[in-house]
Amino acid sequence: MERIDDLGVNNLKLIQNSDYFCFGTDAVLLANFATVKPNSSVVDLCTGNGIIPFLLYGKTNAKKITGIEIQKENYSLAKRSVELNNASDRVNFILDDAKNIENYFERESVGTVTCNPPYMEGNWGFISPNDLKAIARHELYINIDDVVCISAYLLKFGGYLSLIHKSDRLCDIICAMRKYNIEPKRIRFVHSHIFDAPKLVLVEGIKGAKKSLKILNPLCIYNDDGTYTDEVKKLYDGEK
């Protein structure tokens, strides 16, 4: 079922369809974690219905934000959201496999790459009979190594790669970053509750940077009573 959701940022709205993969808290966290310099260009890989580009559009002064999506259904939603928000001056979307990025961008031409990729390895766990959701959840078309390799092609020297992923994939992320000369610089673990083990991790690397890693304070999603923590509420209210 299709619906229009208010993003809580500059009156922006997003068209979603519950039959597809709708955005969650992880996209909101990544959009607030990513470093985007004024007048820079941003590419969001695995963009889905375009949630991260629209949040960055509302929260940053990026010059151009491009999302690339392999599923035509999600791409169609994202393109219609551009029209709904009159955002074509700064936001656009590409329908293609991210591995074909060379057809659209020159090498080392982008300031920031973001990605909320499929979390599950392709041969792990239950594969949804709904292909749209399976592609969003499982590494059927793209994996961590692909994401970082593509990012290394796109990023200028000193450019930022920001990811959110399952915390148990952290070693894979760091190894891939080092492999492609993107140095991990900031890590923040995301916990459902303060005493729970982290389920997600935010990671940011800088292309060509020297070694120096900062572990940030943990981010907790829920209070004991199940309500959002003050920090998360501020993110949903449009504060960064």
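Here is a short walk through two hollow places in this structure, one open and one closed. This is a predicted model, in which local features need pLDDT of at least 70, side-chain atom pairs count only at pLDDT 80 or more, and totals for chains, interfaces and linings use all residues. Residues are numbered from 1 along each chain as its sequence is written, and side-chain values use heavy atoms, with hydrogens and water left out.

Let us begin with the second largest pocket (on a 1 Å grid over the protein atoms alone, an open set of points with protein on both sides within 12 Å along at least five of seven lines). Its volume, the space filled by probe spheres set on grid points joined across faces, edges and corners, is about 160 Å³. Among the residues that line this pocket, having an atom within 4 Å of a point, are Thr-25, Asp-26, Leu-29, Lys-199 and Tyr-222. Helix 1 (25–33) and strand 8 (182–191) each supply at least two lining residues, and helix 1 gives the largest share, three. Helices (H or I, at least four residues) and strands (E, at least two) are DSSP runs, numbered from the N terminus.

Now for the closed space. The whole structure holds one cavity of 30 Å³ or more, a cavity being a set of points where a 1.4 Å probe fits but cannot get out. The largest cavity contains about 40 Å³ of space. Pro-117, Asn-143, Ile-144, Val-147, Leu-163, His-165 and Ile-173 line the largest cavity, with helix 5 (144–154) and strand 7 (155–166) as the elements giving two or more residues.
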